[in-house]
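Here are my notes after a pass through the coordinates, in no strict order. Have the viewer open while you read.

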Amino acid sequence: MLKAVILIGGPQKGTRFRPLSFEVPKPLFPVAGVPMIQHHIEACAQVPGMQEILLIGFYQPDEALTQFLEAAQQEFNLPIRYLQEFAPLGTGGGLYHFRDQILAGGPEAFFVLNADVCSDFPLSAMLDAHRCERHPFLLLGTTANRTQSLNYGCIVENPQTHEVLHYVEKPSTFISDIINCGIYLFSPEALKPLRDVFQRNQQDGQLEDSPGSWPGAGTIRLEQDVFSALAGQGQIYVHLTDGIWSQIKSAGSALYASRLYLGRYQITHPERLAKHTSGGPRIRGTHPAPVVNLCPSPSPIASTPDPRSRGESQSLPLPIQIRFGVFGPRSSLLLLGNVYIHPTAKVAPSAVLGPNVSIGKGVTVGEGVRLRESIVLHGATLQEHTCILHSIVGWGSTVGRWARVEGTPNDPNPNDPRARMDSESLFKDGKLLPAITILGCRVRIPAEVLILNSIVLPHKELSRSFTNQIIL
């Protein structure tokens, strides 16, 4: 019997995710068409022997979270419960506070996943490694380059046994190129060191002259209080992965995570990717899946100039009609692009989509629209001939005809296989750094303007172009 715990944090966290986190809790923000933590739940539900999934955090259980949990329980046929902390308890405090709930039923082990990571979640491989040689703590690790490793928890391992010999959270100097992915497999005995930290915190609190100045006995940081303290004692081991992985700390990193998940859909969820046949909008994919031609092609591929391409490569297929995965019939000849479109969205036939586009519920995409590397959220409207590049369009927002909304990606170095997404800072030397453009909820962009590298807070109606600004 197995269980899984997903740490979803609380509203005091995720400030770098604003203004998007104003409307929904960060764990429910759509990444590649589904809420962020649905990717975690899907991975956990596929592990044989999984009996229950627990969400631990400090969010108030509002309507959105309640509806998501109810829908997830029905879809995955698993008990999925939310356990609310009485106060922010850190990455380990909630595990200790709800230890009775976690250990109820006698699980042999339980997974612990941070909500703000994107991964292919090799949970079955971690479980196999744990069963081969059982230890209280098994951490999932990956590699980063020397400079970026300083932004993560760094692991020094024994290369033969994979024991964690040394662990430092965000070191000031280079320690190791192996970093902590924030995905763990714990034995029930792992809760004993958390109890020791709790008791030590209690003693420290009693010694403080001013009790209000200390964080509280229940606040436990897994990384600093447990991993660093127990490293080298034969209790913590690391399982290395070369699969996809990235943190989701900011809107820019959410856009990058959406790209990773959309690419992975070709293997895990091909039904979620938009498909096309002759007759409608064009979908571009950077890595189209292999196609078996079982019948003569109805229309050849042609290289024809198209004014809607906005100066990009002119090698395009002839007009094709979109089909929505399981919502439409399959063709014997399909060209898959990394595009997700909700079945209720309305997309004009002359729109050009992709690569790496996610279109939400009830979105309207007008004639001649160009969408690339972007997320368009529930209820947004893109009027005729708009161009959206490297941007997130918020819920219910409207972009006027012939307007251009464009951001600057902060992607990892494609020439460095160990490069990771950099921690984004909005400002440097008092100036706003170029980044993706974000339109908050119900923003109105007029026709024929340019919004470049800017953040527009919710409920704003603009009247002109903006570049490198935060519009309050």
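1. Helix α7 covers residues 222-230, and its buried residues are Leu222, Glu223, Asp225, Val226, Phe227 and Leu230. Notice that two acidic residues, Glu223 and Asp225, are on that buried list. Just past the end of α7, Gly232 takes a positive phi of about 85°. Keep in mind throughout that this is a predicted model.

2. Lys26 deserves a look. Its place is in the loop between β1 (2-9) and β2 (30-31). Lys26 is buried, yet no salt bridge goes with it. How far away is the nearest side chain of opposite charge? That side chain belongs to Asp116, and the distance is 4.0 Å. Since a salt bridge is counted within 4 Å, you may want to look at that pair yourself. What Lys26 does have is a backbone oxygen close by: the one of Ile248 lies 2.8 Å from a polar atom of the Lys26 side chain.

3. Another charged residue to check is Glu85, found in the loop between β5 (80-84) and α3 (90-97). Is Glu85 buried or exposed? Buried, with a relative accessible area of 8%, which is under the 20% cut-off. Setting aside neighbours within four places in sequence, Glu85 is in contact with Ile56, Gly57, Phe58, Gly90, Gly94 and Phe98.

4. Now for β11 (residues 178-186), where 9 of 9 residues are buried. Strand β6 (residues 109-114) runs antiparallel to β11 and is joined to it by 4 bridges, with Leu113 standing opposite Ile183 of β11. Strand β8 (residues 137-143) also pairs with β11 in the antiparallel sense, over 6 bridges. There, Leu139 has Tyr184 of β11 as its bridge partner. A general reminder for when you colour by side chain: in a regular strand, side chains alternate between the two faces of the sheet.

5. Strand β9 (residues 153-157) is mostly covered too, with 4 of its 5 residues buried. Which strands does β9 pair with? One is β10 (residues 164-169), antiparallel and joined to β9 by 5 bridges; here Cys154 has Val168 in β10 as its bridge partner. Another is β11, again in the antiparallel sense, over 2 bridges, where Ile155 stands opposite Ile178. The hairpin of β9 and β10 has 6 residues between the strands, and within that hairpin His162 takes a positive phi near 65°.

6. Further along the chain there is an open sheet of 7 strands with parallel pairing, in the order β19-β22-β25-β28-β33-β36-β38. Its edge strands are β19 (339-341) and β38 (470-471), each of which pairs on one side only. Helix α8 (residues 251-268) packs on this sheet, touching β19, β22 (357-359), β25 (374-376), β28 (391-393) and β33 (437-439). The direction of α8 makes about 95° with that of β25. At the β38 end, β36 (residues 455-456) pairs with β38 in the parallel sense over 2 bridges, and Val456 has Ile471 in β38 as its bridge partner.

7. There is also an open sheet of 5 strands, in the order β20-β23-β26-β29-β34, with parallel pairing. Why is one side of β20 (346-347) and of β34 (444-445) left without a neighbour in the sheet? Both stand at the edges with a single partner strand each, so one side of each has no neighbour there. The partnership of β20 with β23 (residues 364-365) is parallel and spans 2 bridges; Lys346 has Thr364 in β23 as its bridge partner.

8. Last point, Ser463. Its place is in the loop between β36 and β37 (466-467). Ser463 is exposed, with a relative accessible area of 67%, and the cut-off for that label is over 50%. Ser463 and Ala447 are 16 residues apart in sequence and 9.0 Å apart in space, C-alpha to C-alpha.

Key. Residues are numbered from 1 along each chain as its sequence is written. This is a predicted model: local features need pLDDT of at least 70, side-chain atom pairs count only at pLDDT 80 or more; totals for chains, interfaces and linings use all residues. Side-chain values use heavy atoms; hydrogens and water are left out. Buried means under 20% relative accessible area, exposed over 50%, partly exposed in between (1.4 Å probe, protein chains only). Lys and Arg count as positive and Asp and Glu as negative; His and the chain ends are not counted. A polar contact is a pair of N or O atoms within 3.5 Å; within protein, one must be able to donate a hydrogen and the other to accept it, and residues adjacent in sequence count only if both atoms are side-chain atoms. Two strands pair if DSSP finds at least two bridges between them. Contact means heavy atoms within 4.5 Å. Axes are lines fitted to C-alpha atoms, for helices over the stretch in contact, and angles run from 0 to 180 degrees between N-to-C directions.
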